[in-house]
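Welcome to a short tour of a protein model. Have the viewer ready, and follow along as the text moves from the whole fold down to single side chains.

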Amino acid sequence: MEEVRELKDVLEKVEGKLIAAGKMYGAMNFGAWLCVMLFYYVLVGLFDLPWQFNFVYWPAGLFVATSFTGRAWRMFKRLGEVTGEKVEVSKSGATLIIASWVAAVIIGWGIIPQLGLGVNGEASSAMGFLTFITLGVLGMWLIFAKYGGAEREMIPAFLLPAIGIPLARGMESEAMAWAGFLVALAFSMTIMWYIYSAFKAVER
């Protein structure tokens, strides 16, 4: 019986470390996008950049962020193999995540700003940006809940931007900057929650 208890303790510790690694991977995903977004604001504040700059920066930011998170995913996958757990991504789930972000782009950046719901163009753009983040992250959260379990840590990343949409509507100035800070706060809270969950998993 003593050997069974020891084996159970070892398995629980291994499982806890794997869960912690998964939470750290989630934190790194949001951290990577937070860095990309904040670096964009730094560049915009320093230089008078044309609007065409967005067509260069965001694809480059996408490449950098996905390269970093892809490397982190491979490390997480190897850790799963070492512990005997098979870590795989559902192809249908991945397709749905891409589809949710495509829909978020169309609605947030295409439809919402054109409707002119804000008091001015900048307010409408801020509403579109917050809608884009809300729909994209909410879509991921729902897909994760369906295929692997709900990630509670992600809730601030879509809840705060959603709350900010009606608030941005009446802003006469600095609406986009405010929206950016709100998303940064939401992502920071998500990162902190993921890290906290990782520490709790390690304690198991």
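What does the accessible surface of the protein come to, and what percentage of it belongs to carbon and sulfur atoms? The surface comes to about 12,600 Å², and carbon and sulfur atoms account for 69% of it. Please keep in mind that this is a predicted model.

**The overall fold**

The protein is built from six helices and zero strands, so reading along the sequence gives the pattern α-α-α-α-α-α. Of its 204 residues, 36% count as buried. If we take contacts between residues at least 6 apart in sequence, 73% of them join residues at least 24 apart.

**Helix H4 and its ends**

Helix H4 covers residues 121-147, and its geometry can be checked with simple arithmetic. At 1.5 Å a residue, its 27 residues should span 39 Å, and because the end C-alpha atoms are 39 Å apart, the model agrees with that expectation. At the start of H4, asparagine 120 places a side-chain oxygen within 3.2 Å of the backbone nitrogen of glutamate 122. After H4 comes glycine 149, which has a positive phi, near 115 degrees.

**The nonpolar cores**

Which residues touch the most other members of the largest nonpolar core? That core has 32 residues, and the ones with the most such partners are Phe30, Phe129, Leu130, Ile133, Val137, Val183 and Phe187. Two or more residues come from each of helix H1 (2-46), H3, H4, helix H5 (155-169) and helix H6 (175-202). H4 gives the most to this core, with 10 residues.

Isoleucine 133 offers a good place to zoom in. Setting aside neighbours within four places in sequence, isoleucine 133 is in contact with Leu138, Ala157, Pro161, Val183 and Phe187. Apart from the largest core lies another, of seven residues, including Val36, Tyr40, Leu43 and Ala65.

**Aromatic pairs**

The structure holds 15 aromatic pairs. Two of them are set out here.

| Pair | Centre to centre | Angle between planes | Class |
|---|---|---|---|
| Tyrosine 40 and tyrosine 57 | 5.4 Å | 50 degrees | tilted |
| Tryptophan 109 and phenylalanine 132 | 5.9 Å | 45 degrees | tilted |

The tyrosine pair links distant parts of the chain, with tyrosine 40 in helix H1 and tyrosine 57 in helix H2, 17 residues apart. Tyrosine 40 and tyrosine 57 are both buried. In the other pair, tryptophan 109 lies in helix H3 and phenylalanine 132 in helix H4, so the pair ties together parts that are 23 residues apart in sequence. Tryptophan 109 counts as partly exposed, at 40% relative accessibility, whereas phenylalanine 132 has 15% and counts as buried. Ring pairs also link Phe39, Tyr40, Tyr41, Phe53, Tyr57 and Trp58 into a cluster.

**Two buried hydroxyl residues**

Is serine 100 buried or exposed? Serine 100, found in helix H3 (residues 91-115), has a relative accessible area of 14%; that is under the 20% cut-off, so serine 100 is buried. Its side chain reaches the backbone oxygen of isoleucine 97 at 2.7 Å. Beyond neighbours within four places in sequence, serine 100 is in contact with Gly136, Gly139, Met140 and Ile143.

Threonine 69 sits in helix H2 (residues 53-82). With 9% relative accessibility, threonine 69 counts as buried. What lies 3.3 Å from a polar atom of the side chain of threonine 69? The backbone oxygen of threonine 66 does. Leaving out neighbours within four places in sequence, the contacts of threonine 69 are Tyr25, Met28, Asn29 and Ala32.

**A loop residue with positive phi**

Our last stop is glutamate 174, in the loop between H5 and H6. Its phi is near 60 degrees, a positive value in a residue other than glycine. How does glutamate 174 count, buried or exposed? At 53% relative accessibility, glutamate 174 counts as exposed.

Note on methods: Residues are numbered from 1 along each chain as its sequence is written. This is a predicted model: local features need pLDDT of at least 70, side-chain atom pairs count only at pLDDT 80 or more; totals for chains, interfaces and linings use all residues. Side-chain values use heavy atoms; hydrogens and water are left out. Helices (H or I, at least four residues) and strands (E, at least two) are DSSP runs, numbered from the N terminus. The expected span of a helix is 1.5 Å times one less than its number of residues. A polar contact is a pair of N or O atoms within 3.5 Å; within protein, one must be able to donate a hydrogen and the other to accept it, and residues adjacent in sequence count only if both atoms are side-chain atoms. Buried means under 20% relative accessible area, exposed over 50%, partly exposed in between (1.4 Å probe, protein chains only). Contact means heavy atoms within 4.5 Å. A nonpolar core is a set of buried Ala, Val, Leu, Ile, Met, Phe, Trp, Tyr and Cys residues joined through side-chain atoms within 4.5 Å. Accessible areas come from the Shrake-Rupley method with a 1.4 Å probe; for residues, only the protein chains shown count as cover. Rings of Phe, Tyr and Trp (its six-membered ring) pair if their centres lie within 6.5 Å; planes under 30 degrees apart count as stacked, over 60 as edge-to-face and the rest as tilted.
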